[in-house]
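Reader: I have a protein chain open on my screen and would love some company while I look through it. Could you walk me through it?

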Amino acid sequence: MAEHTSSSITIEAAPADVMGVIADFDRYPEWTGEVKEAEVLAADDRGRAEKVRLVLDAGAIKDDHTLAYTWIGDYEVSWTLVKSQMLRAIDGSYALAPLGDGDRTEVTYRLTVDVKIPMLGMIKRKAEKVIIDRALAGLKKRVESVPKA
């Protein structure tokens, strides 16, 4: 990835619980805010999404795009752009690290966005930061509000 923005948050849940929420694309509109629709177009032999269509409304960035997902073990997922109306590129990842006895997880989100319209790098980084911060806050709230089995 080229120049990117990243941020981390600690979630009071095991990595498997966090990844379970990240991998549940059908429920993204319930907790992400910016994602209005999500549709898994292809999945691997473990049932993990490989291609997902997302309808995004993030204020200045409104788009209907498709992302390809790569799952790296049980603690990391990354994505790249397949097609888009407004974006030239969107590369990102979630990396999970167990903390303590494995009942807490540090989640690091990295994101690089390139839009087809001209935009200053500083403004792009600020938009990436807003997207990351909202996503991490929404993920934390969602994971921590799911009843433990």
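Reader: Which residues does W79 touch, not counting residues up to four places away in sequence?

Author: Happy to help, and please keep in mind that this is a predicted model. W79 is among the members of the largest nonpolar core that touch the most other members. Leaving out residues up to four places away in sequence, the contacts of W79 are L67, A68, Y69, I90, D91, G92, S93, Y94, Y109 and L111.

Reader: Which helix gives the largest share of the largest nonpolar core?

Author: That core has 38 residues, and V18, I22, Y69, W79, Y94, Y109 and L139 touch the most other members. Six residues of this core, the largest share, come from residues 121-145, which is helix α3.

Reader: Why do the buried residues of α1 lie on the same side of the helix?

Author: Helix α1 covers residues 15-23, and its buried residues are P15, V18, M19, V21 and I22. They lie on the same side of α1 because the arc they cover around the axis is only 155°.

Reader: Which element has the lowest mean pLDDT, and which the highest?

Author: Across the protein chain the average pLDDT is 87, and 89% of the residues score at least 70. Among its elements, α3 has the lowest mean, 79, while the highest, 97, belongs to strand β5 (residues 76-83).

Reader: In what order do the elements run from the N terminus?

Author: There are three helices and seven strands to place. Starting at the N terminus, they run β-α-α-β-β-β-β-β-β-α.

Reader: What share of the residues count as buried?

Author: Buried here means under 20% relative accessible area. Of the 149 residues in the protein chain, the share that counts as buried is 39%.

Notes
Residues are numbered from 1 along each chain as its sequence is written. This is a predicted model: local features need pLDDT of at least 70, side-chain atom pairs count only at pLDDT 80 or more; totals for chains, interfaces and linings use all residues. Side-chain values use heavy atoms; hydrogens and water are left out. A nonpolar core is a set of buried Ala, Val, Leu, Ile, Met, Phe, Trp, Tyr and Cys residues joined through side-chain atoms within 4.5 Å. Buried means under 20% relative accessible area, exposed over 50%, partly exposed in between (1.4 Å probe, protein chains only). Helices (H or I, at least four residues) and strands (E, at least two) are DSSP runs, numbered from the N terminus. Contact means heavy atoms within 4.5 Å. The arc is that of the directions from the helix axis to the C-beta atoms. pLDDT is the predictor's confidence in each residue, from 0 to 100.
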